[in-house]
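Student: I would like to go through this structure and test each label against its criterion. Can we take it step by step?
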Amino acid sequence: MTSPSLDRITQTPGIMGGKACIRGTRVTVGMLVGQISAGHSVEELMADYPYLKREDVQQALLYAAWRAEEREVVLATA
């Protein structure tokens, strides 16, 4: 997977410990991905964070997918 165009994702060392955030907010990609994985819908996230746009959530998921494919992580086997 090549590096996607992510104009809504920023990383600033002094904000949220340098974690990837939605541009202009302190909403981290990890928080959004965690909420989606916990069963929350994009609509629920947008209601909880009215300053987010659908494209913000989509780019957060795209960024997370890109990072997951960027390197191989060895997981424990069952």
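The dialogue below works from the fold to single residues.

Student: What kind of model is this, and what does the pLDDT say about the chain?

Tutor: It is a predicted model. The protein chain averages a pLDDT of 88, and 85% of the residues score at least 70. Among the elements, α1 has the highest mean, 96, and α3 the lowest, 91. Where pLDDT is low, the predicted coordinates should not be read in detail.

Student: Which elements does the chain have, and what is their order?

Tutor: There are three helices and two strands. Along the sequence they follow the pattern β-β-α-α-α.

Student: How do you know that the length of α3 agrees with a helix of 17 residues?

Tutor: Compare the expected span with the model. At 1.5 Å a residue, the 17 residues of α3 (residues 54-70) should span 24 Å. The end C-alpha atoms are 24 Å apart, so the two values agree.

Student: Which residues of α3 are buried, and what do they pack against?

Tutor: The buried residues are Asp-56, Val-57, Gln-59, Ala-60, Tyr-63 and Trp-66. They pack against β1 (9-10), β2 (21-22), α1 (29-37) and α2 (42-48). An α-helix has 3.6 residues a turn, so residues three or four places apart point the same way.

Student: Why is Ala-65 called partly exposed?

Tutor: Ala-65 is found in helix α3. Its relative accessible area is 34%. Partly exposed lies between the 20% and 50% cut-offs, so Ala-65 takes that label at 34%. The C-alpha atoms of Ala-65 and Val-33 are separated by 9.9 Å, although the two are 32 residues apart along the chain.

Student: How many salt bridges does the structure hold?

Tutor: It holds two salt bridges. Side chains of opposite charge can pair when their charged atoms come close.

Student: What makes Asp-56 and Arg-8 a salt bridge?

Tutor: The cut-off is 4 Å from side-chain nitrogen to carboxyl oxygen. The side chains of Asp-56 and Arg-8 meet at 3.0 Å, N to O, so the pair qualifies. Asp-56 lies in helix α3 and Arg-8 in the segment before β1, so the pair ties together parts that are 48 residues apart in sequence.

Student: Are these two residues buried or exposed?

Tutor: Buried means under 20% relative accessible area. Asp-56 is at 6%, so it counts as buried. Arg-8 is at 17%, so it is buried too.

Student: What makes Arg-54 and Glu-43 a salt bridge?

Tutor: The same 4 Å test applies. Their side chains meet at 2.7 Å, N to O, so this pair passes as well. The pair links distant parts of the chain: Arg-54 sits in helix α3 and Glu-43 in helix α2, 11 residues apart. Arg-54 has a relative accessible area of 34%, so it is partly exposed. Glu-43 has 47%, under the 50% cut-off for exposed, so it is partly exposed.

Student: Which residues have the most contacts inside the largest nonpolar core?

Tutor: That core has 14 residues, and those with the most contacts inside it are Ile-9, Ile-22, Val-29, Leu-32 and Tyr-63. Helices α1, α2 and α3 each supply at least two of its residues. The largest share, four residues, comes from α3. In soluble globular proteins, nonpolar side chains tend to be buried together.

Student: What does Tyr-63 touch, beyond its sequence neighbours?

Tutor: Leaving aside neighbours within four places in sequence, Tyr-63 is in contact with Leu-6, Ile-9, Gln-11, Ala-20 and Val-29.

Student: Why is Thr-28 called buried?

Tutor: Thr-28 lies in the loop between β2 and α1. Its relative accessible area is 11%, under the 20% cut-off, so it is buried. A polar atom of its side chain lies 3.0 Å from the backbone nitrogen of Met-31. Beyond four places in sequence, Thr-28 is in contact with Met-16, Lys-19, Ala-20 and Cys-21.

Student: What is notable about the phi of Met-16?

Tutor: Phi of Met-16 is near 55°, a positive value in a residue other than glycine. Most residues other than glycine have a negative phi. Met-16 is found in the loop between β1 and β2. At 34% relative accessibility, it counts as partly exposed.

Student: How much of the chain is buried?

Tutor: Of the 78 residues, 27% count as buried.

Note on methods: Residues numbered from 1 in each chain as written. Predicted model: local features only at pLDDT ≥ 70, side-chain atom pairs only at ≥ 80, totals over all residues. Heavy atoms only, no water. Expected span 1.5 Å × (residues − 1). Buried < 20%, exposed > 50% of the residue type's maximum accessible area, 1.4 Å probe, protein only. Contact = heavy atoms within 4.5 Å. pLDDT = per-residue confidence, 0-100. Polar contact = N/O pair within 3.5 Å; in protein donor to acceptor, adjacent residues only side chain to side chain. Core = buried A, V, L, I, M, F, W, Y, C linked by side-chain atoms within 4.5 Å.
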